[in-house]
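Q: Please take a close look at one charged pair in this model. Then work outward from there to the rest of the chain.

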Amino acid sequence: MSHYNPANPVTDIGQIRDFYRDAYAAQELKILNHIDPLCAAWIAKSTFLVMSTHDANGRVDASPKGDPAGFVHVLDDTTLAIPDRPGNHRFDSFANILDTGQIGLVFLVPNRNEVVRVNGTAQIVRDIDIRTPLAINGRIPEFAIIVDVKEAFYHCGKAIIRSQLWAPAKFPKPTNLPTYAEAILAHSNVDRSLADMTAHLKDNDENRLYDE
């Protein structure tokens with residue numbers, strides 16, 4: 001497959017501004033440099049976030065994180081604590097944080113169309129007084145990510161409304177999609193049967209959400 005080369009790339013923000021009016025005043029003024037009570041209330045109800053990090057070469061990674069509501073703790077008005085749970089052992093986010101310390105977060109709350117966005121810097125810590133309150137089912141996370149908040153703001157719900165994310169009755173049936181097991185076998189070429197990989201992943205999903 002040949003690589004696509006755009007014929008009309010945008011190279012300057014002015015080229016975009018030419019098609020849109022200036023930003024609404026409220027959209028410029030709404031950006032906080034801390035977690036206020038409104039943002040804290042949202043984070044306390046969030047069950048899912050997307051964590052964006054990048055390394056020194058500009059390689060970007062976006063990682064999903066999910067847990068029961070309140071899994072991210074607001075330590076003070078400029079500090080968040082995010083637990084690390086057992087995962088794929090790739091540690092892409094960790095490597096990027098150690099490399100640049102930059103982080104961006106998008107917090108979702110079920111059945112709400114808006115999101116809260118947080119940008120800042122991050123550290124990986126093992127402080128027991130931070131990790132212990134983040135435990136689930138008695139399992140204290142081995143690591144936590146501490147976020148020093150530089151920006152926090154509410155973002156409108158248009159994207160989620162357009163996607164109908166909270167309207168399952170309107171979802172198309174996910175037919176003709178590969179299973180996770182099929183994708184892993186195709187992409188990794190590991191010597192394992194489909195039945196064995198399927199059973200392994202099923203066990204992970206049902207019995208190993210918080211334990212290795």
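A: Start in helix α8, where E206 and K202 both lie. They sit four residues apart, about one turn of the helix. Their side chains meet in a salt bridge, at 2.8 Å from N to O. Keep in mind that this is a predicted model. K202 has a relative accessible area of 48%. The cut-off for exposed is over 50%, so K202 counts as partly exposed.

Helix α8 covers residues 194-207. D196 forms a salt bridge too, and its partner is R192. The closest N and O atoms of D196 and R192 are 2.5 Å apart. D196 is partly exposed, at 35% relative accessible area. R192 is also partly exposed, at 34%. Side chains of opposite charge can pair when their charged atoms come close. The whole structure holds nine salt bridges.

Another of these bridges joins the side chains of D92 and R59, at 3.4 Å from N to O. This pair links distant parts of the chain. D92 is in helix α4, R59 is in the loop between β1 and β2, and 33 residues separate them. D92 has a relative accessible area of 18%; buried means under 20%, so D92 is buried. R59 is partly exposed, at 36%. R90 joins in as well: R59, R90 and D92 are linked in a network of salt bridges.

Back to the pocket side of α8. The largest pocket has a volume of about 1,400 Å³. Its lining counts 38 residues. Nearest its centre lie R85, P86, G87, N88 and H89. Four elements give two or more residues to this lining: β2, α4, α7 and α8. Thus α8, which holds the E206 and K202 pair, is one of the elements that line the pocket. Helix α4, which holds D92, is another.

Now the strands on either side of R59. β1 (residues 48-54) and β2 (residues 60-66) pair in the antiparallel sense, over seven bridges. T53 stands opposite D61 in β2. The two strands form a hairpin with five residues between them. In the turn, G58 has a positive phi of about 90°.

β1 has a second partner, β5 (residues 102-108). These two strands are also antiparallel, with five bridges. Here F48 stands opposite L108 in β5.

In a regular strand the side chains alternate between the two faces of the sheet. β1 shows this alternation. L49, M51 and T53 point to one face and are buried. F48, V50, S52 and H54 point to the other face and are not buried.

A nonpolar patch lies elsewhere on the surface. V10, I13, I16, F19 and Y20 form this patch, with about 600 Å² of accessible area together. I13 lies in helix α1 (residues 13-17). The side of the cut-off is clear here: exposed means over 50%, and I13 has 55% relative accessible area, so I13 is exposed.

Finally, the chain as a whole. There are eight helices and seven strands. Of the 212 residues, 28% are buried. The C-alpha atoms fill a box of roughly 55 × 50 × 40 Å along the principal axes.

Conventions: Residues numbered from 1 in each chain as written. Predicted model: local features only at pLDDT ≥ 70, side-chain atom pairs only at ≥ 80, totals over all residues. Heavy atoms only, no water. Buried < 20%, exposed > 50% of the residue type's maximum accessible area, 1.4 Å probe, protein only. Pairing = 2+ DSSP bridges. Patch = residues over 30% accessible without salt bridge, like charges linked within 9 Å, V, L, I, M, F, W, Y side chains within 5 Å. Areas by Shrake-Rupley, 256 points an atom, 1.4 Å probe, with all protein chains shown as cover. Salt bridge = Lys/Arg side-chain N within 4 Å of Asp/Glu carboxyl O. 1 Å grid on protein atoms, 1.4 Å probe; cavity = no way out; pocket = protein on both sides within 12 Å on 5 of 7 lines; lining within 4 Å. Points joined across faces, edges and corners; volume = space filled by probe spheres on them.
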